[in-house]
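Trainee: Could you take me closely through one part of this protein, the small open sheet, and then place it within the rest of the fold?

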Amino acid sequence: MSKVGKKRSSKKNLLNHSEAKVRLLGVYINKYLNIISNDGYSQKIRIYDLFCGEGVYDNGGYGSPVVLMKAVKDCYYSFLSRSKRIPKIDVLLNDLDESKVAKTKNFLTEKSLLNSDIAKVDFKSEDYKDLLKVTAKELASIKQEKAFVFIDPYEYKHIKVSHIKELMKNKKTEVLLWLPTQFMYRFETNGTPTALKDFIEEIVPYKDWNKSDNVWSFINQLREGFQSKLTELYVDTFTIQKDSSTVFCLFFFTSHIKGFEKMLEAKWDIDAEAGKGWHYSPQLGLFAGQETNKLAVELEEFMGSKERSNAEIFEFVLRLGFLPKHANEVFDSWQVDSKLEVILANGTRARKKSFYLNYKNYRDDPDKVSFKLK
Ligand SMILES: C[S@@+](CC[C@H](N)C(=O)[O-])C[C@H]1O[C@@H](n2cnc3c(N)ncnc32)[C@H](O)[C@@H]1O
């Protein structure tokens, strides 16, 4: 197929990498809605899909607005069946292309996914840049509300770190950003165009940017760049490998460690092996052993000869992209090998296998136990 033909096909058909992208979106938004609806605090959830596209592709694949609205509907009925109510939900679906917005609206109607009892849905056809300002302003003043913003452009030139900062100022918003890292990386290796230089410059001074050996290191540099610019936030990536040389990436931003943990759970749900992405190859398990070792090695280095609290370990493990249950496994085996001491605040030994690595203890009892390597 010609390059133009390929491009057109990728825009008209939901390709594998996009399928993985919307699948992650679906897993995540399900978890998100359930948690926020149960937090006993939030009275409204706002969902923004700023580049929503046409809802359904020529090959029948669902786009982000359908995935989002299905999750909203499922959550509503699952709560209703338990005689519970979910908070009010407002959704904004936007795309510059009016015909795509109209197609989305028709499809959602056809699939009975527009129901004002469940959610108030607004459709807009505005330029992202303009909408962003309005949205950031709107979000700056929300109280007892939470917001989730999905940003899925064709081109990175639309996106600035400052946009994410603006949207997240209120500490109540989470952002999922899709960047075509594969193309960006290719450009980086072939005489970096100005648009990419400008994009990178905003994240890392261009003189400090190292030319990447491969797309993975490119993604990692971007992630570290985002993290160093947005120190108050938790940043992680979800990579989607289309084939051996093509990798795409979602970036996730949250100001709340619990939201971060949920995102990591969504990642691990999709790729139970490595938690670092969605692979199409059957050799999924290839790096599983290495990944587990990586956590043990990093934990050993972090702990060294110091005592570390449950809160410190909890945060450290999440920032590495692992879940508490993985750290529990490592600690468990260290305990069996008599390599680890776990001491309660009163100086006595904790019960075997009791590590208290969870959000509740992180928040309410951060020094419940301390860990020390023997
Ligand atoms: C990658 S597609 C979105 C796909 C969609 N999220 C899905 O899951 O099917 C990017 C969309 O951005 C829209 N777009 C391009 N420039 C835009 C702009 N400046 N503001 C808003 N939307 C724009 C395009 O019409 C296109 O539908």
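Mentor: Before turning to the sheet, it helps to know how the chain is connected overall: in this predicted model, residues 24 or more positions apart account for 71% of the contacts with a separation of 6 or more. The protein has 14 helices and eleven strands, and 37% of its 374 residues count as buried.

Now to the sheet itself, which is open and is formed by three strands in the order E9-E11-E10, with antiparallel pairing. Its edges are strand E9, at residues 308-309, and strand E10, each of which pairs on one side only. Between E9 and strand E11, which covers residues 369-373, there are two bridges, and these two strands run antiparallel. Within this part of the sheet, Arg-308 stands opposite Phe-371 of E11.

The other edge strand, E10, spans 340-344 and follows a loop that leads from helix H13 (324-336) and contains Ser-338. This serine deserves a careful look, since its phi is near 55 degrees, a positive value in a residue that is not glycine. Ser-338 counts as exposed because it has 8 C-beta neighbours inside 10 Å, where the cut-off for exposed is 12 or fewer.

A second serine can be set beside it, in the loop between helix H3 (64-81) and strand E2 (88-94), where Ser-83 has its place. The phi of Ser-83 is also near 55 degrees, again a positive value in a residue other than glycine. Ser-83 is exposed too, because 6 other C-beta atoms lie within 10 Å.

For a helix to set against these loops, consider H9, which runs over residues 215-229; its 15 residues reach 21 Å from the first C-alpha to the last, close to the 21 Å expected at 1.5 Å a residue. The buried residues in H9 are Val-215, Phe-218, Ile-219, Gln-221, Leu-222 and Phe-226. They lie on the same side of H9, because they cover an arc of only 160 degrees around the axis.

Finally, there is the ligand, which is surrounded by 16 residues, the closest being Gly-53, Gly-63, Ser-64, Leu-96 and Tyr-128. The shell around the ligand is made up of seven nonpolar, four polar and five charged residues.

How values were computed. Residues are numbered from 1 along each chain as its sequence is written. This is a predicted model: local features need pLDDT of at least 70, side-chain atom pairs count only at pLDDT 80 or more; totals for chains, interfaces and linings use all residues. A residue is near a molecule or strand if its C-beta atom, placed from the backbone, lies within 6 Å of it. Ala, Val, Leu, Ile, Met, Phe, Trp, Tyr, Cys and Pro count as nonpolar, Asp, Glu, Lys and Arg as charged, and the others, Gly among them, as polar. Helices (H or I, at least four residues) and strands (E, at least two) are DSSP runs, numbered from the N terminus. The expected span of a helix is 1.5 Å times one less than its number of residues. A residue is buried if 20 or more other C-beta atoms lie within 10 Å of its own, exposed if 12 or fewer, and partly exposed in between; C-beta atoms are placed from the backbone. The arc is that of the directions from the helix axis to the C-beta atoms. Two residues are in contact if their C-beta atoms, placed from the backbone, lie within 7 Å. Two strands pair if DSSP finds at least two bridges between them.
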